[in-house]
Amino acid sequence: MTSQVPCYTIINSPDLEVPNEMQLKQDLEKGDTNVKIETLKRVIKLLLNGERYPGLIMTIIRFVLPVQNHTIKKLLLIFWEIVPKTSADGKLLQEMILVCDAYRKDLQHPNEFLRGSTLRFLCKLKEPELLEPLMPAIRACLDHRHSYVRRNAVLAIFTIYKNFDWLVPDGPELIASFLDTQQDMSCKRNAFLMLLHADQERALNYLASCIDQVHTFGDILQLVIVELIYKVCHANPAERSRFIRCIYNLLNSSSNAVRYESAGTLITLSLAPTAIKAAASCYIELVVKESDNNVKLIVLDRLVAMKEHEGMEKVMQDLVMDVLRVLAAPDIEVRRKTLALALDLVYSRNIGEMVLVLKKEVAKTHNVEHEDTGKYRQLLVRTLHTCSIKFPDVAANVIPVLVEFLSDTNELAAADVLVFIREAIQKFPALRALIIEHLIEAFPQIKSSKIHRAAVWILGEYVEGPQILEVIAVIQQTLGDVPMVEAEQRRLAGDQTEEQKQQQQATESAEGSGNASNKVTSDGTYATQSAYSLAPVAKAEKRPPLRQYLMDGDFFIGAALSATLTKLALRYAELQPEARAQNRLTTQVMLIMSSILHLGKSGFPSKPITNDDTDRIFVCLRTLSERTPEAVAVFTLYCREALGKMLDAQHDEDQRMLKEKQKATAKVQPDDPVLFAQLSNGRDNQLGENVFESSLNQALAGSKNAQLSDVASPNSKLNKVTQLTGFSDPVYAEAYVNVNQYDIVLDVLIVNQTNDTLQNCTLELATLGDLKLVERPHPVVLAPHDFCNIKANVKVSSTENGIIFGNIVYDTALNTNVVVLNTIHIDIMDYIIPASCTDTEFRQMWQDFEWENKVTVNTSFTDLHEYLKHLLKSTNMKCLTPEKALSGQCGFMAANMYAKSIFGENALANLSIEKPVDDPDSKVTGHIRIRAKSQGMALSLGDKISSSQKQSVQAA
């Protein structure tokens, strides 16, 4: 198998015209310095794009290498890094001896920049024959006066020792003695890094000798020290007591990066309560003080991960108030994560303090106008809601604060308040009087029809006793004069209505009795203006809120109001024994309802009343006039029962989700091996998760939950292998497609099935969709029946189905041949993950998203529930409709589904399917509507559903 080409510097360039080699030679020989610079740049770009110019090497050595221009020197370093240095038989080219001599002179050059950059270049060389003559010059650079040269000399020795230790057998001793004499932090850091990887014992001895001065070191050296302590303690847990004090000290470092790494290392080395508290406090301090939102989110993720650990959660519960300090950050995502974390950690001892902080935060949002203020208020409302349900003792303190939100212009926050009040009033009977009292106070100030509608329902369902009359009075106040048609006619005729008279009296009492006003003219004298000479100013008609909704054509509020008034009249009739009082209230209520009906048909509102609302109001009128027991029972009993059942179902669903989470985090499976501490080698199960191993997992598999065994198992790779050419083709190729979040790595196996040597065998790829090829794969030479692996990286920028296609081009002794490859389809499912959202958020997104894709159901399934399961499995979406709402067989089904992509894009779907109940063998019919913000997402998801349906039909 051929060896892989070493990695080198990538310089992206647009498509280049391939110039004549003779022209390039002429420019390099006879051009001035600027021409040579431009020509050299072109040669480098051509080499990177796969071209070969073996004849140019000698030209560059003769005419370009002696030039002392610094730009040319830098470009030559890149050129010698990427140019092929061996012949076809693998031997080093003779010309490279001359290059080696030139670089020996550069290593002794008086300019420290040239020395340092040459040393950096030597780190990338993989030919020991070139490095061996340069070793004395590299060693001499360790004693150079400038730190830039010294630190690059250490790195050069480190990489040479790592790759060819026989070239510098005394490397660790040399660097250890160098470390003892150095004062520059960057030199010390590089030297210590080499000892960490090459000779850990020497690194430990050095650290032990200066462990008390670690806090005075620079941050770059401190980071390497943290890494050393971590590795040593994981390899030998007995060393923990020796170094853990050093980690504690580094928690107070002036560098945030060092503090972050030290806190992460501390909790993996020790699970003592003091260590957990110190690390968590350090993380919280970092979130509060760091200005970058990305850093805040990363550190908050670390705190959330700590909270998931059972032993750490109890210690972190005392830090809830510190966590809430993060709310000072303006970013909504940071605040959302902070509130979720605090809500998970809070317990009965500190819930009171947390509620006080949240109340202060609520007060801060009142006079602040910012684009995220509305969302933040909504977050605070939901958090206080959850606190009150979780700890009923604080509900009485929370309710007055939240009721203030009902008059808020942000409808979403007010709706969340009413959801909370509805649940609280049902679950806590002792608080009903308090809630009703505050709700009646806030009722006239509500500004939204939707909020008024929900508030009316709550008042109608739970008001009892003398408060019934109070509620009806408030409703009449917010509705205005009744009958409404006559009031509107008077308004049109210019007569004053009752509310206008009251307003005018209030205005007259506030103003003075004078009817002339003094005006100051431009020259400073006074001019008197009479009220009679003023033109009348038309004032905007201001109606009471409920009347305004009806005039705008929103008669749904009228139907809801009628149902509420009916409930109140029926309840009053039960409480009030006197028939006259009963009838007085009932006729008052019926007058309001008939007035709403009359207004709806009068033509005054912008839209007439709908038939549904008319029928509903008629049902209420009929119920009040006839009082049939069945209808009365619906109004007085069944409405509240329905709410109770809905809240119970919601609670059951939350509990089920909680149990699923707990099952997912089970540490020990039934068939796991039992570990005996006495028989272990001293390394197992003593320390926390190995962060290096977990980061390797993530890099390999693209997800935090993947195990190394899963990644390494052959089955996982075999499932993702795509055959690119036929078995009878002269070149056989197959690709292993590994999708890792934003990258796709193609590992292509190419097999030469002929008896000829294939020269310049090149894999040429192109993409369709939002995919971008990062680099062009390197040409290879394949011996007869030889094989090699070529890797190609593809960047992904959005959630769309993508296609990768291309061909393999190779030269034989006679001609150039091309083998066309099979296309590789990149599946959208690799980027989509199930997610959840509330019904309100779903409706809002459904309204906002402009791209819709309607897919007709064409399937062999005969069961509605089975089809839904198949759809959820094939699209990676989550069903938001509760299971209880979907249970039973009624011949039709409607469900909402939701998913998110790793790029933060939302995908919504609505399923509407049916089948005849009397024909069990009939197939499911209907359609699926998909909505997304981008066209690609909607189309790709529709294609995925269509293809999964075809597969199920073919399988049947």
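Of the 956 residues in the chain, 44% are buried, and this figure, like the others that follow, was computed from a predicted model. The chain is built with 41 helices and 18 strands, and its accessible surface amounts to about 50000 Å², with 51% of that area belonging to carbon and sulfur atoms. When contacts between residues at least 6 apart in sequence are considered, 66% of them join residues that are at least 24 apart.

From this overview the reader can turn to one of the sheets. An open sheet of 5 strands runs in the order β3-β4-β5-β9-β7, and its pairing is antiparallel. At its edges lie β3, which covers residues 721-723, and β7, which covers residues 771-773, each of them pairing on one side only. From one strand to the next, the twist of this sheet averages 30°. Within the sheet, strand β4, made of residues 731-740, pairs with strand β5, made of residues 743-752, in the antiparallel sense over 10 bridges. A single position can help to follow this pairing by eye, since A733 is found opposite I750 in β5.

A last stop is on the surface, where V634, L637 and Y638 make a nonpolar patch of about 280 Å². Of these residues, V634 has its place in helix α34, which spans residues 629-664. The relative accessibility of V634 is 37%, and because this value lies between the limit of 20% for buried residues and that of 50% for exposed ones, V634 counts as partly exposed.

Key
Residues numbered from 1 in each chain as written. Predicted model: local features only at pLDDT ≥ 70, side-chain atom pairs only at ≥ 80, totals over all residues. Heavy atoms only, no water. Pairing = 2+ DSSP bridges. Helix = DSSP H or I, 4+ residues; strand = E, 2+ residues; numbered from the N terminus. Axes fitted to C-alpha atoms, helices over the stretch in contact; angles between N-to-C directions. Patch = residues over 30% accessible without salt bridge, like charges linked within 9 Å, V, L, I, M, F, W, Y side chains within 5 Å. Areas by Shrake-Rupley, 256 points an atom, 1.4 Å probe, with all protein chains shown as cover. Salt bridge = Lys/Arg side-chain N within 4 Å of Asp/Glu carboxyl O. Buried < 20%, exposed > 50% of the residue type's maximum accessible area, 1.4 Å probe, protein only. Contact = heavy atoms within 4.5 Å.
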